[in-house]
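This briefing goes through the fold, the burial of selected residues and the charged pairs of the structure shown here.

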Amino acid sequence: MGASRKGKFSRRWCVLSDGVLSYYENERAVTPNGEIRASEIVCLAVPLPDTHGFEHTFEVYTEGERLYLFGLESMEQAHEWVKCIAKAFVPPLAEDLLARDFERLGRLPYKAGLSLQRAQEGWFSLSGSELRAVFPEGPCEEPLQLRKLQELSIQGDSENQVLVLVERRRTLYIQGERRLDFMGWLGAIQKAAASMGDTLSEQQLGDSDIPVIVYRCVDYITQCGLTSEGIYRKCGQTSKTQRLLESLRQDARSVHLKEGEQHVDDVSSALKRFLRDLPDGLFTRAQRLAWLEASEIEDEEEKVSRYRELLVQLPPVNRATVKALISHLYCVQCFSDTNQMNVHNLAIVFGPTLFQTDGQDYKAGRVVEDLINHYVVVFSVDEEELRKQREEITAIVKMRVAGTASGTQHAGDFICTVYLEEKKAETEQHVKIPASMTAEELTLEILDRRNVGIREKDYWTCFEVNEREEAERPLHFAEKVLPILHGLGTDSHLVVKKHQAMEAMLLYLASRISDTKHGMMKFREDRSLLGLGLPSGGFHDRYFILNSSCLRLYKEVRSHRPEKEWPVKSLKVYLGVKKKLRPPTCWGFTVVHETEKHEKQQWYLCCDTQMELREWFATFLFVQHDGLVWPSEPSRVSRAVPEVRLGSVSLIPLRGSENEMRRSVAAFSADPLSLLRNV
């Protein structure tokens, strides 16, 4: 086997025995030239062939900041050596990491979840775009999908570097304690998290398998371009479009589009160019003809059914992207009176783009037109999803109109006042609210700004508070904030505070036998909202049944037919009942139902005990959000704030100075990491 020294390989006889890797001048030599103890190995890396001028190589990093580079002619032999060395230095705790091939394997100091008071040592393996981890306190973690990260950043200075990896509902901090192997991990993770090629599946992806490049463009145009005349028909400046597209292709995650810096036509042109240039196309070469043929089916129901069949056959990323794009175009055509882009006009633009034709084949435009017209059926969009979509775009447009009228709105994000714990001047924060911001992300923003640390079982939540109704509603962590902001009256505001009842509700949900809830409650209807001018009367005993689809009200337990019935996902449930109604108990909540005609109905319910109120409210949350009441994994919200801070970015104190690192760096080759040439 060859060993590298000063950029050149020297042939050495190597022996791995009893946890020691020894290398000799030749196979007859008795005394080794050097030894590497398995206990000192911190990282094992497998570069691509010919990376170091030798066909197959692997790198061994040790605690003493040494790098050993070995090379072999045979791929099989190299693989066998890597496997044996890995088994020698990886403890039984992390043996699961050896089940698959890897590019890098080793141990690193980290902080994660709620354990941020001190760094611990974890075991990591990098395989493709997956980073697997094993932590001392538990089994093998769910792998981080690096191309699906919400954030990948380096914080700190050259002496105290921290790699921050943010995936939905969990954040991982990897410390740069040993500069040599940390820089190797850093480069490898950054490369794995970037777009790997030109196909859709090789792009950086969001939570829903939609490429970040598509999401960035669609989100920006939704915020800033829905009412722009000729959107998608007009072309942007070629040079600006090309520069933007290059930036998005290189690292879409780090590109943040802002009004005033990018024109909507430049962004729309970049999106069209990206989709047209896809090597396999959005509808794939294998299925493209089938889609075009389907557009010629005369029977409308049969044609829609065929589209649904073809949609299922698309690769997952293509399928998710088609839905996201058509959903967006459906929103665009809703404002055709203003933007002059009706369904037909959009189809003329996007037919040739998505099917990569010269515009002569009318069937391409017909497919796009059919998909927009039958969006709800083809993509199985339920009423609740459609309602939320409409609320979001209505909020965006109304706020932009209001901002334009007042002369105060210049950016793509909208500014909202949010309070911490209570409504006081000294606790208010002014936050930009993009269309994509969730209640969880807003909560994180406020806590980070005020340097608030989180202890275990602190359930920080964003509440919508209605002062006139003397009621408040904890927002679901995944709920979009912008539609809420649009609907806030002058007597309402948002406040971030601890959800005192969440722990009790989660315990109840974990122990219950059925997903339904039934029992007696005191009921009062607010008929004044219905425009009837009738007195509401007092509270009356009624029997309720709540299941996954609806809330039913019965006059008594023995009744067979409900007096009223409401779809559960269309209800907004607030904690509290205003005092002037003289509620019979202090454990009540206010329920608001908006009909399809946008008429609001409101009524009040009271329970006999606090625990009963929590059980009902927990069940409402459970059925409305398909069982996901609180993030199942530690989230960005559920974390403490580290001891050192720079702006609003969390940092972690590290040990050792750069001079100490420099004195300890010694390697057989200066080639693998170019940074060492300047050290």
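L180 is buried, with a relative accessible area of 3%, where buried means under 20% relative accessible area, exposed over 50% and partly exposed in between, with a 1.4 Å probe and protein chains only. The model is a predicted one, in which local features need pLDDT of at least 70 and side-chain atom pairs count only at pLDDT 80 or more, whereas totals for chains, interfaces and linings use all residues. Residues are numbered from 1 along each chain as its sequence is written, and side-chain values use heavy atoms, with hydrogens and water left out.

**Overall architecture**

- The chain has 18 helices and 30 strands, these being DSSP runs numbered from the N terminus, with helices (H or I) of at least four residues and strands (E) of at least two.
- Of the 679 residues in the chain, 52% are buried.
- The chain exposes about 32500 Å², of which carbon and sulfur atoms supply 47%; accessible areas come from the Shrake-Rupley method with a 1.4 Å probe, and for residues only the protein chains shown count as cover.
- Among the contacts in the chain with a separation of 6 or more, 60% are between residues 24 or more positions apart, a contact being heavy atoms within 4.5 Å.

**Two buried residues**

- L180 belongs to helix 2 (residues 179-193), and its C-alpha is 6.0 Å from that of E65, although the two residues are 115 residues apart in sequence.
- R542 is part of strand 22 (residues 540-546) and is buried, with a relative accessible area of 18%.
- Leaving aside neighbours within four places in sequence, R542 is in contact with G519, M520, M521, F523, L553, Y554, K555 and E563.

**Salt bridges**

- Side chains of opposite charge can pair when their charged atoms come close.
- The whole structure holds 33 salt bridges, each defined as a side-chain nitrogen of Lys or Arg within 4 Å of a carboxyl oxygen of Asp or Glu.
- R273 and D277 form one salt bridge, with their closest N and O atoms 3.2 Å apart; R273 is partly exposed at 39% relative accessible area, and D277 is partly exposed at 33%.
- E385 and K323 meet through their side chains in a salt bridge of 3.3 Å, N to O, and this pair links distant parts of the chain, since E385 is in helix 13 (residues 383-406) and K323 in helix 8 (residues 316-333), 62 residues apart.
- Both partners are partly exposed, E385 at 32% relative accessibility and K323 at 26%.
- K579 forms a salt bridge with E470, the closest N and O atoms lying 3.6 Å apart. K579 sits in the loop between strand 25 (571-575) and strand 26 (588-594), and E470 in the loop between strand 18 (460-466) and strand 19 (471-474), so the pair ties together parts that are 109 residues apart in sequence.
- K579 counts as exposed at 65% relative accessibility, whereas E470 counts as partly exposed at 36%.
- R468, E469, D491 and K578 are joined into one network by salt bridges that share partners.

**A negative surface patch**

- E298, D299, E301 and E302 gather on the surface in a patch of negative charge; such patches are made of residues with over 30% relative accessible area and no salt bridge, like charges being joined within 9 Å.
- For this purpose Asp and Glu count as negative, and Lys and Arg as positive, while His and the chain ends are not counted; the place of a charge is taken as NZ of Lys, CZ of Arg, CG of Asp or CD of Glu.
- E302 lies in helix 7 (residues 300-313) and counts as partly exposed, at 49% relative accessibility.

Note on methods:
Patches are made of residues with over 30% relative accessible area and no salt bridge: like charges are joined within 9 Å, nonpolar side chains (Val, Leu, Ile, Met, Phe, Trp, Tyr) within 5 Å.
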